[in-house]
Amino acid sequence: MRVLLLSDIHSNLEALEACLASAPPYDEVVNLGDIVGYGASPNEVIDRSRELGKIFVRGNHDKAACGVMDVHDFNPVAGMAALWTREHLTADNLEWLRALPQGPVQIDGVPEAQFVHGSPVDEDEYVVTARDAIKPLMTSAARLSFFGHTHLQGSFSDGHSHSDVFRPVYRTVGQAEAIDFPLQPNQRYMVNPGSVGQPRDGDWRAGFAVFDSESRIVTFCRTPYNLKRSQELILEANLPPRLASRLATGR
């Protein structure tokens, strides 16, 4: 099975459509959460995501936007965007967000893998460094975890006494590119496909990944999208201008 991994779309329809247009062939779509928040197209992104498949885990912005989580846990800009999103969601999409499952979830056809938002230990945990990854790598029941939340594309794997880190290095900053990352046997992995709509690794391009369960290869992908249009929509919605400007820097 080839699984298209999408995470942290954050209401950025232009980035989502660019990812779908450039993605290699896939059999199933798994969404790792934070479908909404920050961007100005929450209903459009939810509707498109629901068309693509039925496998989701909830993210913290999804919870905040539908009232499951208190926005006081967010910084002021993120909290403002969550409240704006809540006010603009359709009733159907609001209820759909409230019903999203907490990770980890598993799917037929990929029994070795589980899918979470933050980590297998805590759905809201940020796994940013090798040190952060040690506990979930060592304690998780699954040998392979796909996660989002940090907006940082790459993977962690268990070494003899530490966590090994892989970050894809691309040749350009403006073209569609892909990098294959073969998974080694008898190792545990946590893999982040990157953020579709709000990258924070200094690369403005939309990020996603595809996992081939037969070859056990993760293909990390980046693709340019209509950044200007995404920024215009944020400003037209009177969301904080910072949410538009940060898209250009990938921060």
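Contact here means heavy atoms within 4.5 Å. The model is predicted.

**Exercise 1.** Place N12, decide whether N12 is buried or exposed, and list what N12 touches beyond its sequence neighbours.

*Solution.*
- Step 1: N12 sits in the loop between β1 and α1.
- Step 2: Its relative accessibility is 4%. Buried means under 20%. So N12 counts as buried.
- Step 3: Set aside neighbours within four places in sequence; N12 is then in contact with V45, G197, Y225, S230 and L247.
- Step 4: With Y225, the N12 side chain makes a side-chain polar contact of 3.3 Å.

**Exercise 2.** Trace how β1, β2 and β3 pair, and give the hand of each crossover.

*Solution.*
- Step 1: β1 (residues 2-6) and β2 (residues 28-31) run parallel, joined by four bridges. L5 stands opposite V30 of β2.
- Step 2: From β1 the chain passes through α1 (residues 13-22) to β2, a right-handed β-α-β crossover.
- Step 3: β2 also pairs with β3 (residues 55-56), parallel, over two bridges. Here V30 has I55 as its bridge partner.
- Step 4: β2, α2 (residues 42-52) and β3 form a right-handed β-α-β unit.

**Exercise 3.** Which residues of α6 are buried, which are exposed, and why do the buried ones share a side?

*Solution.*
- Step 1: α6 spans residues 130-139, and A133, P136 and L137 are buried there.
- Step 2: These three cover an arc of only 100 degrees around the axis, so they lie on the same side of α6.
- Step 3: An α-helix has 3.6 residues a turn, so residues three or four places apart point the same way.
- Step 4: R131, K135 and T139 are exposed on the other side of α6.

How values were computed
Residues numbered from 1 in each chain as written. Predicted model: local features only at pLDDT ≥ 70, side-chain atom pairs only at ≥ 80, totals over all residues. Heavy atoms only, no water. Buried < 20%, exposed > 50% of the residue type's maximum accessible area, 1.4 Å probe, protein only. Arc of directions from axis to C-beta. Pairing = 2+ DSSP bridges. Right-handed = clockwise from strand over helix to strand, strands pointing away. Polar contact = N/O pair within 3.5 Å; in protein donor to acceptor, adjacent residues only side chain to side chain.
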